[in-house]
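Visitor: Could you take me on a close look at one part of this model, the helices and how they pack against each other and against the sheets? I would like a connected account rather than a list.

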2 protein chains.
Amino acid sequence: MLKPVPLDEAGAWLAGHAAALRAEEVASGDAAGRVLAAPVKAAADHPRVPTAAVDGFALDAEASTGASDYNPLPFSVSHGDEGTAAPNRAWPVVSGQAVPGGADAVLPIEEAALRGRVLDVHAPVASGDHVIPAGRETRGGADLMPAGRVLRPADIALLLELGVSRVPVVRRPRAGIIVVRRDVPDGGGPMVRALVTRDGGIGAEPMYPGDEGLAGALAGCTDDLVLVIGGSGPGTNDRAAGALEEAGELAFRGVAISPGETTTVGRMGSAPVIVLPGPSLAALFAYDMVAGPALRRFAGRGPVLPYGTRSAVLDRKIASGLGRLECCRVRVSGDRAEPLAVSDNRTLSTAVHADGFVLVPEQSEGFAAGAEVTVHLYDQRY
Amino acid sequence: MLKPVPLDEAGAWLAGHAAALRAEEVASGDAAGRVLAAPVKAAADHPRVPTAAVDGFALDAEASTGASDYNPLPFSVSHGDEGTAAPNRAWPVVSGQAVPGGADAVLPIEEAALRGRVLDVHAPVASGDHVIPAGRETRGGADLMPAGRVLRPADIALLLELGVSRVPVVRRPRAGIIVVRRDVPDGGGPMVRALVTRDGGIGAEPMYPGDEGLAGALAGCTDDLVLVIGGSGPGTNDRAAGALEEAGELAFRGVAISPGETTTVGRMGSAPVIVLPGPSLAALFAYDMVAGPALRRFAGRGPVLPYGTRSAVLDRKIASGLGRLECCRVRVSGDRAEPLAVSDNRTLSTAVHADGFVLVPEQSEGFAAGAEVTVHLYDQRY
């Protein structure tokens with residue numbers, strides 16, 4: 001029979017069985033979206049030498065003293081190092097290029113008056129103008145990025161530009177997916193696979209072993225985590241808990257969330273097994289509340305929900321039962337949230353038509369109309 | 001020379017050259033994150049017949065009238081259709097299963113008292129209890145999802161369960177990436193490729209043809225959109241505008257954004273070409289403001305920024321020049337935003353260390369300390 005445990009208890013049990021996986025090295029250019037397994041420090045100053053911030057002409061600022069429209073000072077334009085020691089030289093530079101040794105400022109090309117190989121300077125420039133000093137981007141030895149950072153596109157560029165061509169990232173967890181619900185066609189398997197991808201894992205092709213083959217399929221899994229869809233309920237055909245007990249270890253039957261109260265948890269060796277309810281709405285919520293946090297721990301990400309949030313004022317009240325965490329789908333318009341579905345409506349289309357959901361905690365009986373609530377936004381970007 | 005156009009003007013020109021690409025059909029199970037190219041309607045009622053909402057026993061509610069703890073009414077448990085006409089039959093059902101023809105309610109298994117093949121009913125049940133009526137999920141012919149929707153994992157499940165096994169989605173735009181900046185190693189190419197992936201496109205392997213090979217590389221591109229990195233500036237070696245003029249059409253040199261003012265736009269045949277500045281911070285902002293919206297139009301997504309937003313109060317003032325849209329990177333802590341970098345600091349590390357950025361409009365000279373601003377959050381989830 002079901003003996004639902006509080007979500008916190010389920011989360012704590014799973015946290016004890018889901019530590020971040022070991023690191024693997026990947027090319028920095030391919031690391032966007034991956035999770036750093038160790039902090040990255042800068043090996044050296046960057047830039048290593050003073051660098052032009054704009055396109056223009058590098059020159060010695062002191063030699064421009066006294067320049068004005070009435071007294072333009074001529075600089076001779078040179079390429080390369082020839083005659084570095086000569087006074088009043090100007091070197092064409094492009095943004096990002098090292099400033100030659102004899103120069104300490106850059107005159108932007110827009111302000112330059114060029115006559116053949118002679119540059120007329122019409123105003124004095126100050127030392128350091130339009131020059132990026134050595135070490136401005138980062139100092140050698142400085143902390144660049146902490147372990148656990150989900151690498152952004154800009155991070156990739158910085159790593160490469162600092163010469164960090166490979167980085168240690170957390171291996172992506174593999175999740176086995178076993179579907180035992182009886183619907184034809186199955187929507188839950190592909191949905192859960194997409195959720196696993198979203199959370200930084202690799203979802204295996206769903207397996208459909210049937211009730212009889214479930215224990216064997218569980219025993220054959222070599223994944224970091226196994227997600228079973230269906231077979232969690234108390235019905236005569238719901239054999240997931242029994243199969244888990246037979247093939248591995250059953251930790252608990254039932255988690256106090258709604259929908260999703262039949263969610264069942266255990267393990268096969270070191271791999272947590274989470275049995276999600278067959279109906280897809282319940283599978284979605286149970287994934288987000290129970291399985292997702294475990295998968296994200298394996299992936300080196302935080303266990304927090306991967307949805308953006310916003311505040312909204314409820315159009316109508318939400319009534320909820322005590323003793324379970326409830327998911328109320330809402331539609332958001334402006335600052336208002338309209339509850340689309342309370343617990344008696346468990347159709348998947350409510351989640352499809354919703355912009356997000358409101359969580360009603362275990363110890364709450366709901367929220368009054370006009371209450372300000374936090375909406376978790378289903379991510380349009382996926 | 002640079003003649004920066006307002007961002008609106010650049011956006012309008014690109015919008016005129018970037019319509020959503022044609023549709024392609026994919027398996028619904030693989031369509032998460034893709035953009036629907038046409039609305040999807042439900043072909044039929046779902047569920048097609050009344051369905052059990054819980055595991056339990058289906059029965060005729062009327063036959064339970066008068067049941068109580070003192071007067072339990074016996075129902076005989078049967079499987080299949082044999083004896084459908086007989087009174088007081090009960091059929092074991094699991095959640096999601098069709099309710100047999102002789103039944104109109106489901107008694108949850110937790111409330112059932114079973115003696116062998118006899119089910120004792122201790123309280124009357126009402127017609128419709130724990131039964132999902134036909135068409136509750138959706139009605140045949142109803143609008144399920146509009147064109148332009150970015151398909152979520154739950155959408156995938158609903159489509160499959162309604163029998164929609166394939167869906168028309170917008171083809172993912174292919175972006176060519178040509179790097180002409182002179183830095184070794186290059187960070188901009190991989191960064192831009194990751195940004196293209198984020199926005200629903202397919203970024204080609206970056207090409208490094210050198211200044212001399214640029215016009216040829218442009219002419220050889222067969223992509224939907226071409227992104228050139230570097231060579232946009234007014235310097236003597238910045239040949240992207242010339243190459244574009246030679247191989248295709250130059251629309252304008254310069255966009256009034258900072259950083260990124262040298263961004264150059266044109267086209268090769270029907271493919272827009274956007275030349276992003278070489279320095280990666282400027283390339284990032286120019287991508288987000290100029291290239292990203294065009295790519296997302298091709299991809300059937302809106303041109304809006306793909307970052308979440310939040311309000312925050314500025315810790316310090318932001319000073320900005322008139323006449324250009326400026327990007328100020330900020331760090332967010334609680335409700336406060338601390339400006340990390342104003343226009344004179346163009347180091348990429350400011351974007352890496354920032355939580356997001358504040359946009360200062362063309363007609364604004366900035367924001368005072370204490371002002372409430374909108375922060376665009378760099379997406380940790382990528």
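Guide: What follows is a walk through helix packing and the sheets beside it. Please keep in mind that this is a predicted model.

Let us begin in chain A, with the open sheet. Six strands make up this sheet, in the order β14-β13-β15-β19-β18-β16, and their pairing is mixed. The edges are held by β14 (202–203) and β16 (249–253) of chain A, each with a single partner strand, so one side of each has no neighbour in the sheet. Further in, strand β15 (residues 225–229) of chain A runs parallel to strand β19 (residues 271–276) of chain A, and four bridges join them. If you want a spot to look for that pairing, find A:Val226, which stands opposite A:Val273 in β19(A). Helix α5 (residues 240–247) of chain A packs on this sheet, where it touches β16, β18 (264–268) and β19 of chain A. The direction of α5(A) makes about 25° with that of β18(A).

Now turn from the sheet to the neighbouring helix. Two packed helices are described by the angle between their axes and the distance between the axes. For helix α4 (residues 210–220) of chain A and α5(A), the axes come within 9 Å and cross at roughly 45°. That angle makes α4(A) oblique to α5(A). The crossing of this pair is right-handed. On the α4(A) side the contact is made by A:Leu214, A:Ala215 and A:Leu218, and on the α5(A) side by A:Ala240, A:Ala243, A:Leu244, A:Glu246 and A:Ala247. Sorted by class, the residues of this contact are seven nonpolar, no polar and one charged.

Chain B deserves its own visit. Here too there is an open sheet of six strands, ordered β14-β13-β15-β19-β18-β16, with mixed pairing. Its edge strands are β14 (202–203) and β16 (249–253) of chain B; each has a single partner strand, so one side of each is left without a neighbour in the sheet. At the β14(B) end, strand β13 (residues 174–179) of chain B pairs with β14(B) in the parallel sense over two bridges. A handy landmark for that pairing is B:Arg174, which stands opposite B:Ile202 in β14(B). Across β16, β18 (264–268) and β19 (271–276) of chain B lies α5(B), running at about 25° to β18(B).

The helix pair of chain B can be read in the same fashion. The axes of helix α4 (residues 210–220) of chain B and helix α5 (residues 240–247) of chain B cross at roughly 45° and come within 9 Å. The two helices are therefore oblique to each other, and α4(B) passes α5(B) in a right-handed crossing. From α4(B), B:Leu214, B:Ala215 and B:Leu218 meet B:Ala240, B:Ala243, B:Leu244, B:Glu246 and B:Ala247 of α5(B). By class, this contact has seven nonpolar residues, no polar ones and one charged.

Next comes a helix pair that joins the two chains. Helix α2 (residues 153–161) of chain A packs with helix α3 (residues 188–198) of chain B at an angle of about 165°, their axes 8 Å apart. With over 145° counting as roughly antiparallel, α2(A) and α3(B) are therefore roughly antiparallel to each other. Their crossing is right-handed. Chain A brings A:Pro153, A:Ala154, A:Ile156, A:Ala157, A:Leu160 and A:Glu161 of α2(A), which meet B:Gly188, B:Pro190, B:Met191, B:Ala194 and B:Leu195 of α3(B). The residues of this contact divide into nine nonpolar, one polar and one charged.

Before we finish, step over to another strand of chain A. In a regular strand the side chains alternate between the two faces of the sheet. Strand β5 (residues 73–77) of chain A has A:Leu73, A:Phe75 and A:Val77 on its covered face, and A:Pro74 and A:Ser76 on its uncovered one. β5(A) pairs with strand β9 (residues 118–121) of chain A in the antiparallel sense over four bridges, and the bridge partner of A:Ser76 in β9(A) is A:Val118. β5(A) also runs parallel to strand β6 (residues 89–93) of chain A, joined to β6(A) by two bridges. There, A:Val77 has A:Ala90 as its bridge partner in β6(A).

Notes: Residues are numbered from 1 along each chain as its sequence is written. Chains are lettered from A and ligands numbered from 1 in the order in which they are written. This is a predicted model: local features need pLDDT of at least 70, side-chain atom pairs count only at pLDDT 80 or more; totals for chains, interfaces and linings use all residues. Side-chain values use heavy atoms; hydrogens and water are left out. Axes are lines fitted to C-alpha atoms, for helices over the stretch in contact, and angles run from 0 to 180 degrees between N-to-C directions. Angles under 35 degrees count as roughly parallel, over 145 as roughly antiparallel, 65 to 115 as roughly perpendicular and the rest as oblique. A crossing is left-handed if the near helix is turned anticlockwise from the far one by less than a right angle, and right-handed if clockwise. Contact means heavy atoms within 4.5 Å. Ala, Val, Leu, Ile, Met, Phe, Trp, Tyr, Cys and Pro count as nonpolar, Asp, Glu, Lys and Arg as charged, and the others, Gly among them, as polar. Buried means under 20% relative accessible area, exposed over 50%, partly exposed in between (1.4 Å probe, protein chains only). Two strands pair if DSSP finds at least two bridges between them.
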